[in-house]
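Here is a walk through one protein fold, with the sheet, the main pocket and a few odd backbone spots along the way. Have a look at the model first.

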Amino acid sequence: MEQARPSTTRRRFLKGTALAAVPYALLPDTRAGAQAMAVDYPGAEWQAASTSNYTASNRPTTYSVDRVIIHVTQETYTDTLAIFKNPQKKVSAHYLVRSADGHVAQCVRESNVAWHAGNWSYNTRSIGIEHEGWVDQPAWFTDALYEQSAKLTAAICAKYGIAKDRAHILGHYEVPGTDHTDPGPNWDWTRYMRLVNFA
């Protein structure tokens, strides 16, 4: 018995020494883990909107989710994030897709009601996806943007049992009472819906 104690202590000491020798870069980053838990869509980057720009909720318990609404920002990716973070703006979307590489940022949890549609009923029942670009400049609608957005939309549809059709995946211009035209005439709905259905 006396022999076991020193060897257990020695083992603990050696384990501690071995861990101390491991470079910090190889250890898991707890901040990254916390960030990953904050997003609803794997691979998205958490970029929180101001709490003044959405309504806290418990969807789909409080409101059912049965639509995805497609938007175009009329701003750059960086400026859109700044707008969502500004408590004076009173606007947000659940997700933002970057033009150059299709990178996805999540700004509002899916359980909360983002203020993106300009129609309270549609806000409560939809997930809003903004896309970096301008409606009259189709070069912003890159392959990467279409492909990553379609994967996101397909995942949302699968999660909530939303049909992958144009009756349930709408442009902002199709929301009743809106004065918006996005995603505009240059958005390729045929291509987008094909990508959503094959994602």
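For sorting the residues of a pocket lining, Ala, Val, Leu, Ile, Met, Phe, Trp, Tyr, Cys and Pro count as nonpolar, Asp, Glu, Lys and Arg as charged, and the others, Gly among them, as polar. Keep in mind that what you see is a predicted model.

With that sorting in hand, start with the largest pocket: its lining splits into eleven polar, seven nonpolar and four charged residues. That lining is made of 22 residues, and the space inside comes to about 310 Å³. Which residues lie nearest the centre of the largest pocket? Val 91, His 116, Glu 130, His 172 and His 180 do. As for the elements involved, β3 and α3 each give the lining at least two residues, and α3 has the largest share with three.

Now for the sheet. It's an open one, built from six strands with mixed pairing, and the order runs β1-β5-β4-β7-β3-β8. At the edges sit β1 (45–46) and β8 (169–171), each of which pairs on one side only. Helix α3 (residues 77–85) packs on this sheet and touches β1, β4 (95–97), β5 (104–106) and β7 (126–131), with its direction at about 165° to that of β4. Then there's α5 (residues 143–160), which lies across β3, β4, β5, β7 and β8 and runs at about 175° to β7.

Strand β3 deserves a stop of its own. It covers residues 67–72, and its pairing with β8 is parallel, over three bridges. Its pairing with β7 is parallel too, over six bridges. If you want to follow the register, here are some of the facing residues.

| Residue in β3 | Stands opposite | Partner strand |
|---|---|---|
| Ile 69 | Leu 170 | β8 |
| Ile 70 | Gly 171 | β8 |
| His 71 | Glu 130 | β7 |

Glu 130, the partner of His 71, is also one of the residues nearest the centre of the largest pocket.

Is β3 enclosed or open to the outside? Six of its six residues are buried, so the strand is largely enclosed by the rest of the structure. Both faces are covered: Val 68, Ile 70 and Val 72 are buried on one side, and Arg 67, Ile 69 and His 71 are buried on the other. Buried here means under 20% relative accessible area.

On to the backbone oddities. Most residues other than glycine have a negative phi, and most peptide bonds are trans. Where does this model depart from that? One cis peptide bond joins Arg 59 and Pro 60, with omega about 5°, and Pro 60 sits in the loop between β2 (54–55) and β3. Another cis bond runs from Asp 182 to Pro 183, with omega near 10°. Pro 183 belongs to the loop between β8 and α6 (189–198).

Two positive phi values turn up as well. Gln 74 isn't a glycine, yet its phi is positive at about 65°; you'll find Gln 74 in the loop between β3 and α3. Lys 90 has a phi near 55°, again positive in a residue other than glycine, and its place is the loop between α3 and β4.

How exposed are these two? Gln 74 has 34% relative accessibility, so it counts as partly exposed. Lys 90, at 48% relative accessibility, therefore counts as partly exposed.

Definitions and conventions: Residues numbered from 1 in each chain as written. Predicted model: local features only at pLDDT ≥ 70, side-chain atom pairs only at ≥ 80, totals over all residues. Heavy atoms only, no water. Pairing = 2+ DSSP bridges. Helix = DSSP H or I, 4+ residues; strand = E, 2+ residues; numbered from the N terminus. Contact = heavy atoms within 4.5 Å. Axes fitted to C-alpha atoms, helices over the stretch in contact; angles between N-to-C directions. 1 Å grid on protein atoms, 1.4 Å probe; cavity = no way out; pocket = protein on both sides within 12 Å on 5 of 7 lines; lining within 4 Å. Points joined across faces, edges and corners; volume = space filled by probe spheres on them. Buried < 20%, exposed > 50% of the residue type's maximum accessible area, 1.4 Å probe, protein only.
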